[in-house]
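The following exercises concern helix packing, a ligand site and two backbone features. Each task is followed by a worked solution.

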Amino acid sequence: MNRTILALSALLVPASLAQSPPPANYDESKAGSYILPDPLVLASGKRVRNATMWREQRRPEILRLFEENMHGHSPPRPPGMTFDVFDKGTAVRDGKAIRKQITIHFTADKSGPRMDLLLYVPAHSPKPVPVLLHLSFTANSLTVDDPGVKEGLIWNREKKLVPASQGRGFGKLRVDDFIARGFGIATVYYGDIEPDFAGGFPHGVRGLFLKPGQTEPGPGDWGAIGAWAWGLSRAMDYLETDKNVDAKRVAIAGVSRLGKTVLWAGAEDQRFAMVIASCSGEGGAALSRRNYGETIKNLNTRFSYQFAGNYQKFGDHPDSLPVDAHMLLALIAPRPLLLSTGDQDRWSDPRGEFLAAVAAGPVYRLLGKQDLGTDQFPPAGQPILHTLGYSMHAGGHGAIPSDWDVFLQFMEKYLR
Ligand code: GCU
């Protein structure tokens, strides 16, 4: 084909196809070879020799790289934020739990975006309790079995806000199991923070923080994952004020894109004492340099709004991204981190998540914590519950009931 024909055929490709990323690779022999950036070498080339160097030099350096290239910068807590505790503590679950509901108004203007936080704590605990804060795909009223929970609003497929009763559930949180073990459990709906579609930012918190003259977030500004993670920090702002909650022992959990979100929230906000990320895949715990399942290019094509615009630069060249997933995991060290996956969830690349955890190991060890302790990929059903943990169920994408048993075990081990 000569040049003219090539140029013409390029023009004839419909825009939608021109944008499609190559089909995902599921052949282990084609996953490619790669060299990961060393989490324990400073940009200057100097080796990180101790915890102080990690904390004061390398960690901030890596965090900045993630902000610049992937998730953008998040603003601080807004000064006018208020907590409206409209359910101050109702005895529920046969008197075993106390339920609270709080509307977090992100700004002094109460007509702006706000988020409802639902919290259960054990009724008879003599002291403040550890809490799991779950970032959920749907409104609080659909997340638990409790008719006393205020009906929320959800974003439907037509990108409209409708009463939650018009939506579907995503499985219920096991409130009673947490209460029975002396833990609290809390949830927020990610759509309260920002809707999950391209162009959704004016309806969410990112719309609040545009600079004068800006009509949309710039290339270095935060994406929707940054916004959802920021919302978790605002929930934490409330939890710090609640006398029933031990704010030093708050874990965060989320699945899939919300698994990516909890990893970023844990990296950015060190008040979170534990992170449990389920099936977070590409853009989460899976190595981007490994060509298996979803790629950065896939994310950029379908979910560009979830990331900073700068992330677009790396679709064709994942190896030019100055960070990779193992460094995101390292930002959570020395705090307990559990990666939960499914052996059939090839799109999320469970082995790529495992390998990222292996490569984050040196940072956990430097900080005196137990890493995975192996580089042998474990079979499904044999969780490694070290400070840096990995657990794979037999099955596909999502958190299944048996995963929740593992999460509870992980919390028992490190937050009790
Ligand atoms: C898509 C996307 C993933 C994401 C998942 C989810 O499959 O490609 O990156 O994790 O949606 O959030 O369910």
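**Exercise 1: Helix α3 against helix α8**

In this predicted model, R59, L63, F66, E67 and H71 of α3 are in contact with W264, G266, A267 and E268 of α8. Determine the class composition of this contact, then describe the angle, axis distance and handedness of the packing of α3 and α8.

*Solution.*
1. Sorting by class, the contact of α3 with α8 comprises 4 nonpolar, 2 polar and 3 charged residues.
2. Helix α3 spans residues 51-71 and helix α8 spans residues 257-268; their axes are 11 Å apart and form an angle of about 140 degrees.
3. Angles over 145 degrees count as roughly antiparallel and those from 65 to 115 as roughly perpendicular, so α3 is oblique to α8.
4. The handedness of the crossing of α3 and α8 is left-handed.

**Exercise 2: Helix α7 against helix α8**

Describe the packing of α7 (residues 224-239) with α8 by angle and axis distance, and state which residues make the contact.

*Solution.*
1. The axes of α7 and α8 lie 8 Å apart, at an angle of about 60 degrees.
2. Helices α7 and α8 are therefore oblique to each other.
3. The crossing of α7 with α8 is right-handed.
4. From α7, the contact involves I225, G226, W228, A229 and L232; from α8, it involves R257, L258, K260, T261, V262, W264, A265 and E268.
5. By class, the contact of α7 with α8 holds 8 nonpolar, 2 polar and 3 charged residues.

**Exercise 3: The ligand site**

List the residues around the ligand, and give the distances from ligand oxygen atoms to polar side-chain atoms of S256, R257 and K260.

*Solution.*
1. The ligand is surrounded by S256, R257, K260, E294, L299, R302, F303, W347 and H397.
2. For S256, an N or O atom of the side chain is 2.6 Å from an oxygen atom of the ligand.
3. For R257, a polar side-chain atom is 2.5 Å from a ligand oxygen atom.
4. For K260, the distance between a side-chain N or O atom and an oxygen atom of the ligand is 2.8 Å.
5. R257 and K260 also belong to the α8 side of the contact with α7.

**Exercise 4: Backbone features**

Where is S256 placed, and what is its phi? Which peptide bond is cis?

*Solution.*
1. S256 is located in the loop between β8 (245-255) and α8.
2. Although S256 is not a glycine, its phi is positive, at about 65 degrees.
3. The cis peptide bond runs from A333 to P334, with omega near 5 degrees.
4. P334 is in the loop between α10 (325-330) and β10 (337-342).

Conventions:
Residues numbered from 1 in each chain as written. Predicted model: local features only at pLDDT ≥ 70, side-chain atom pairs only at ≥ 80, totals over all residues. Heavy atoms only, no water. Axes fitted to C-alpha atoms, helices over the stretch in contact; angles between N-to-C directions. Helix = DSSP H or I, 4+ residues; strand = E, 2+ residues; numbered from the N terminus. Parallel < 35°, antiparallel > 145°, perpendicular 65-115°, else oblique. Left-handed = near helix turned anticlockwise from the far one by under 90°. Contact = heavy atoms within 4.5 Å. Nonpolar A, V, L, I, M, F, W, Y, C, P; charged D, E, K, R; others polar. Near = heavy atom within 4 Å. Polar contact = N/O pair within 3.5 Å; in protein donor to acceptor, adjacent residues only side chain to side chain.
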